[in-house]
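Let's take a walk through this one together, starting with a term and then moving from the protein partners to the DNA.

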Number of protein chains: 2
Amino acid sequence: MGRRVTIEDVARAAGVSRQTVSRAINNKREISPITLERVMNAVQQLGYRPSWVARGLATQRTHTIGLVVPDITNPFFPEVARGVQDAARAAEYNVFLYNTDESAEREHQILYSLASQPVDGILLFGSRIDDSDLTTFAESYRPLVVLNRRIGHPGVGMVLVDNYAGARLAVEHLINRGHRHIGMLAGPLASPSSIQRVGGFRAAIEQHQLPLQDSCIVPGPPTLDGGREGAEQLLYHHPEITALFAYNDVMALGAVQAYIESGYRVPDERAVVGFDDIWIAELVHPGLTTIRVNKYEVGYRAAQCLLALMEDPMQCPPAVEIGVELIIREST
Amino acid sequence: MGRRVTIEDVARAAGVSRQTVSRAINNKREISPITLERVMNAVQQLGYRPSWVARGLATQRTHTIGLVVPDITNPFFPEVARGVQDAARAAEYNVFLYNTDESAEREHQILYSLASQPVDGILLFGSRIDDSDLTTFAESYRPLVVLNRRIGHPGVGMVLVDNYAGARLAVEHLINRGHRHIGMLAGPLASPSSIQRVGGFRAAIEQHQLPLQDSCIVPGPPTLDGGREGAEQLLYHHPEITALFAYNDVMALGAVQAYIESGYRVPDERAVVGFDDIWIAELVHPGLTTIRVNKYEVGYRAAQCLLALMEDPMQCPPAVEIGVELIIREST
DNA sequence: CCAATTTCCGTGAGCGCTCACGGTCATTGT
DNA sequence: ACAATGACCGTGAGCGCTCACGGAAATTGG
């Protein structure tokens, strides 16, 4: 109850003009220390809080960024989100969160609705829309940072996880362990990170002149069941395969489950390596060998990039490269 | 580039007044079908998108809610957040996400900053500020829904997980399994859910007339390490304890680890039951016996409650009760 | 065929703030 | 002592939209 305290009220109470109050709270100087204090007192007493919305309308900036992820429930993203939040908070930005559910249509909706302003910039992670759509989008909309996409466009930043190197590390590790028939659970084919990981996988296999049929690379949803089913399918069609490289840890976990349920011992008879190093990878039994990605860093640096972009929306920031690391545990 | 398309542009293009355009896009009827179509065409052609901010200033509603959680990285919260998002999306609301890091000070900051408007309502989960602060907060601010707090105040909704019953279920299960010396990892004592779970724990123990010293209930941060350390401590001071009820699954997992590292077999020599049934509880080995809380439902229904509250901010909605369920796996 | 509705649409004001000016007073230099 | 500089502050307008009016046209009834 009670009307909102406006800047006018403060001005009246302090015996100055609105503009002076505005100057005070945004410490623009151009204001004498004494009036500044007078104003600040009035602010305190009335409990005045400037309206973010009104300010947004006047300045055309809302101090808000939008974070778009496929699904916050996917264990990869909470840490990323956390990184984003922390970076945003440091700069006094708020962050909106949206889930696309891996659906391009849904993603379009969100992006479209984001255009009607609430945000100053967008962080697009795990995008599933195609490159041309993304480019036209980047052209018409505000600063944007994308994950694992190469878009050479002023005003858009890129964060690139080294998927290719990660996949190679994984495969080489498997080869070192003596495996010669290696399969891959490729995840969602539409995803660029899947393409990159498959690329690294193929390259490593070929370099070592190991046999590889296309049917040893099976796509599937990046979920536990996706991993389980992929592994079962491979078990059936390619029983010679003794090791699996999975698109991500969740799929890898599913694969391990499938193996165990089918009576194989991991890692003695079948080995599995995942990707991401999500929190639980070290808790399961056997502990999951995986490629670690610093997820917090991904979020944090992406947000920083976006923040910089918002200062100067026309620059072409260098891509932020995120390195990866092989973490060996018991599943290989 | 290019100025923003305003409602005036549309009005001009369609040969009508701003107000008519406004009516059209908010389908207030009071508008003839023919002009409606004319306006809509103009909207299409110019690619007009009403400014959320300007509308917010005029209507004093931003169509935004704020979700405050201790840490989105805590595996309990992503699912909750997901439920919130989905409910919000259905009503065309955006959601801000904030992390308090279990810090009361940080929470105050956030709540305070939220007062300067960006949100129409607040979802406060895992609050760590004390009851009186919370009440004064509830009085002065906009609609609010809190989790696991009893605040009888018009305009504030409550979502209550049945912690008490959950704790009893857990303890009784342990007793059925033959345990007579049962300890508890109590989590953060400041948290109401901790208090409630401890209450249920005590009640069950007493009802079955089992021995219980206060030192068998050890507090600690709700993390893996918190659980591990608590278990070690108990192992040292109360070696007679054969079963543990943990504040949450993460602590329970830590406890299991501690036991295994100390050479105890779970569940043969030591049993552990958790709380929440987070995603990974069934993936670890041994699978974790736990009290399941439907986290998605918590978020979804909380958001619905908030939405209702925003329609009529002075009502006292009934508390939303969330039931729990004992899930028996291999850790007991 | 004319008053009483109803339907439709336009006008002014205002939401709470900031920006670009311009004005006033005290200060400085010579 | 007088113009010129600078520090400080106030004024109007405007950001893009909606609300509460009120007026004109189209409809109805007897």
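A quick definition before anything else: a polar contact here is a pair of N or O atoms within 3.5 Å, and within protein one of the two must be able to donate a hydrogen and the other to accept it. Residues adjacent in sequence count only if both atoms are side-chain atoms. Keep in mind as well that you're looking at a predicted model.

With that rule in hand, go to where chain A meets chain B: 12 residue pairs are in polar contact across the interface, both partners at pLDDT 80 or more. On the chain A side, helix 4, helix 5 (77–90), strand 2 (94–99), helix 6 (104–114) and helix 11 (249–261) each supply at least two of the residues that touch chain B. Strand 2 of chain A gives the largest share, six residues. Sort that side of chain A by residue type and you get 23 nonpolar, 13 polar and eight charged.

How many salt bridges are there between chain A and chain B? The count is six. For a concrete case, look at A:Asp101 and B:Arg82, whose side chains meet in a salt bridge at 2.8 Å, N to O.

Now for the extent of the contact. Chain A puts in 44 residues and chain B puts in 44. Between them the two chains bury about 4,100 Å², with 60% of that on carbon and sulfur atoms. If you want three residues to click on, try A:Arg49, A:Val53 and A:Arg82: they supply 16% of the area that chain A buries against chain B, more than any other three residues.

Step back to chain A by itself for a moment. Its domain assignment has three parts: domain 1 covers 7–50, domain 2 takes 64–162 + 295–323, and domain 3 runs over 163–293. The C-alpha centres of domain 1 and domain 2 of chain A lie 37 Å apart.

On to the DNA, beginning with strand C. It is surrounded by 28 residues, and the closest are A:Ile7, A:Ser22, A:Tyr48, B:Arg18 and B:Thr20. Of the strand C atoms within 4 Å of the protein, 59% belong to sugar or phosphate and the rest to bases. Two side chains show the phosphate part nicely: an N or O atom of A:Tyr48 is 2.5 Å from a phosphate oxygen of strand C, and a polar side-chain atom of B:Thr20 lies 2.4 Å from a phosphate oxygen of that strand. For a base, check A:Ala54, where a backbone N or O atom lies 3.5 Å from a base nitrogen of strand C. The elements that give two or more residues to this surface are helix 2 and helix 4 of chain A, together with helix 2 and helix 4 of chain B. By type, the surface near strand C divides into nine nonpolar, 12 polar and seven charged residues.

And strand D? Here 29 residues surround the DNA, the closest being A:Arg18, A:Thr20, B:Ile7, B:Ser22 and B:Tyr48. Sugar and phosphate account for 59% of the strand D atoms that come within 4 Å of the protein. A polar backbone atom of A:Ser17 is 2.8 Å from a phosphate oxygen of strand D, while the side chain of B:Arg55 has an N or O atom 2.9 Å from a phosphate oxygen. B:Gln19 goes for a base instead, with a side-chain N or O atom 2.7 Å from a base nitrogen of strand D. Helix 2 (18–25) and helix 4 (52–59) of both chain A and chain B give two or more residues each to the surface near strand D.

Key: Residues numbered from 1 in each chain as written. Chains lettered and ligands numbered in written order. Predicted model: local features only at pLDDT ≥ 70, side-chain atom pairs only at ≥ 80, totals over all residues. Heavy atoms only, no water. Near = heavy atom within 4 Å. Helix = DSSP H or I, 4+ residues; strand = E, 2+ residues; numbered from the N terminus. Domains from an automatic or database assignment. Nonpolar A, V, L, I, M, F, W, Y, C, P; charged D, E, K, R; others polar. Contact = heavy atoms within 4.5 Å. Buried area = accessible area lost by both parts, 1.4 Å probe. Salt bridge = Lys/Arg side-chain N within 4 Å of Asp/Glu carboxyl O.
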